[in-house]
Amino acid sequence: MSDPEKIEKTEEQWKQELDSETYRVTRQAGTEAAFTGKYCDLKDKGIYNCAACGEPLFSSEAKYDSGSGWPSFYAPADSEVVAQHDDHSHGMIRTEVVCNKCDSHLGHVFPDGPPETGLRYCINSASLDFQEDKS
Ligand code: FE
């Protein structure tokens with residue numbers, strides 16, 4: 001099953017292209033420790049791209065301080081750019097969020113977000129690459 005819109009690389013290719021922490025989080029569904037990610041407290045205006053493939057995933061406009069220790073957004077930049085999967089790992093029932101273009105693990109979405117959508121996209125900094133909007 002091959003989709004021309006998708007970016008598909010072997011695990012070996014990803015391992016060579018990404019730094020070890022980004023590889024661990026995006027390709028092995030890892031989680032960075034709370035309050036350690038580089039974008040946790042960032043409030044600058046801009047767009048957060050996928051750290052693995054560069055796809056624009058989240059806007060700073062939807063970022064808010066959830067107090068969780070991870071960058072939190074109430075919505076993706078576009079509903080098409082992320083996909084969601086049931087995740088029953090670690091004895092929890094959660095909804096995993098992945099990049100729709102390269103299938104990289106981003107984080108999880110929880111139903112305890114702010115009024116705008118009621119959703120909290122809890123995303124690892126290691127899965128994101130911030131691009132500041134200087135205009
Ligand atoms: Fe991606």
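Which residue in β8 is the bridge partner of F110? It is R120, and the legends below start from that spot in this predicted model.

**View 1. Strand β8 and the two strands that pair with it.** Welcome to β8, where R120 is the bridge partner of F110. Strands β7 and β8 run antiparallel to each other, joined by 4 bridges. Strand β8 also pairs with β4, again in the antiparallel sense, over 2 bridges; here S72 has C122 as its bridge partner. Take a look at both faces of β8 (residues 120–123): each is covered, with R120 and C122 buried on one side, and Y121 and I123 buried on the other.

**View 2. The iron ion and its four cysteine donors.** Here you can follow the SG atoms of C50, C53, C99 and C102, which coordinate the iron ion at 2.3 to 2.4 Å. The site is tetrahedral, with angles of 104 to 115° among the 4 donor atoms. Along the chain, the donors are spaced as C-x2-C-x45-C-x2-C. Pick out C50 and C102 for a sense of how the site links distant parts of the chain: C50 sits in strand β1 (residues 46–50), while C102 belongs to the loop between β6 (94–99) and β7 (105–110), 52 residues away. C50 and C102 are both buried. For C53, the relative accessibility is 22%, so this donor counts as partly exposed.

**View 3. Cysteine C122 and its surroundings.** Is C122 buried or exposed? Its relative accessibility is 9%, so C122 counts as buried. C122 takes part in no disulfide, and the nearest cysteine sulfur, which belongs to C40, lies 9.1 Å away. With a cut-off of 2.5 Å between cysteine sulfur atoms, the count of disulfides comes to 0.

**View 4. The hairpin of β5 and β6.** Strand β5 (residues 82–87) and β6 pair in the antiparallel sense, with 6 bridges between them. One pairing to find is that of A83, whose bridge partner in β6 is V98. Between the two strands of the hairpin there are 6 residues. While you are there, check the backbone of H90, which takes a positive phi near 60°.

**View 5. An aromatic cluster built from six named rings: Y39, Y48, F58, F73, Y121 and F130.** The count of aromatic pairs in the model comes to 6. One of them joins Y39 and Y48, an edge-to-face pair with 5.5 Å from centre to centre and 80° between the planes. Y39 and Y48 are buried. Y48 also meets F73: the ring centres are 5.2 Å apart and the planes lie at 70°, so this pair is edge-to-face. Y48 lies in strand β1 and F73 in strand β4 (residues 72–73), so the pair ties together parts that are 25 residues apart in sequence. Like Y48, F73 is buried. Y121, another member of the cluster, is one of the buried residues of β8.

**View 6. A lysine over a tryptophan ring.** To finish the tour, go to W14. How far from the ring centre of W14 does K9 lie? The distance is 4.8 Å, with K9 placed over the face of the ring.

Methods:
Residues are numbered from 1 along each chain as its sequence is written. This is a predicted model: local features need pLDDT of at least 70, side-chain atom pairs count only at pLDDT 80 or more; totals for chains, interfaces and linings use all residues. Side-chain values use heavy atoms; hydrogens and water are left out. Donors are N, O and S atoms within 2.8 Å of the metal (3.2 Å for Na, K and Ca); water is not among the atoms, so sites may look incomplete. Four donors count as tetrahedral if all angles lie between 85 and 135 degrees; four count as square planar and six as octahedral if opposite donors are over 155 degrees apart and all others between 65 and 115; anything else is irregular. Buried means under 20% relative accessible area, exposed over 50%, partly exposed in between (1.4 Å probe, protein chains only). Two strands pair if DSSP finds at least two bridges between them. Rings of Phe, Tyr and Trp (its six-membered ring) pair if their centres lie within 6.5 Å; planes under 30 degrees apart count as stacked, over 60 as edge-to-face and the rest as tilted. A charge sits over a ring if NZ of Lys or CZ of Arg is within 6 Å of the ring centre and within 35 degrees of the ring normal.
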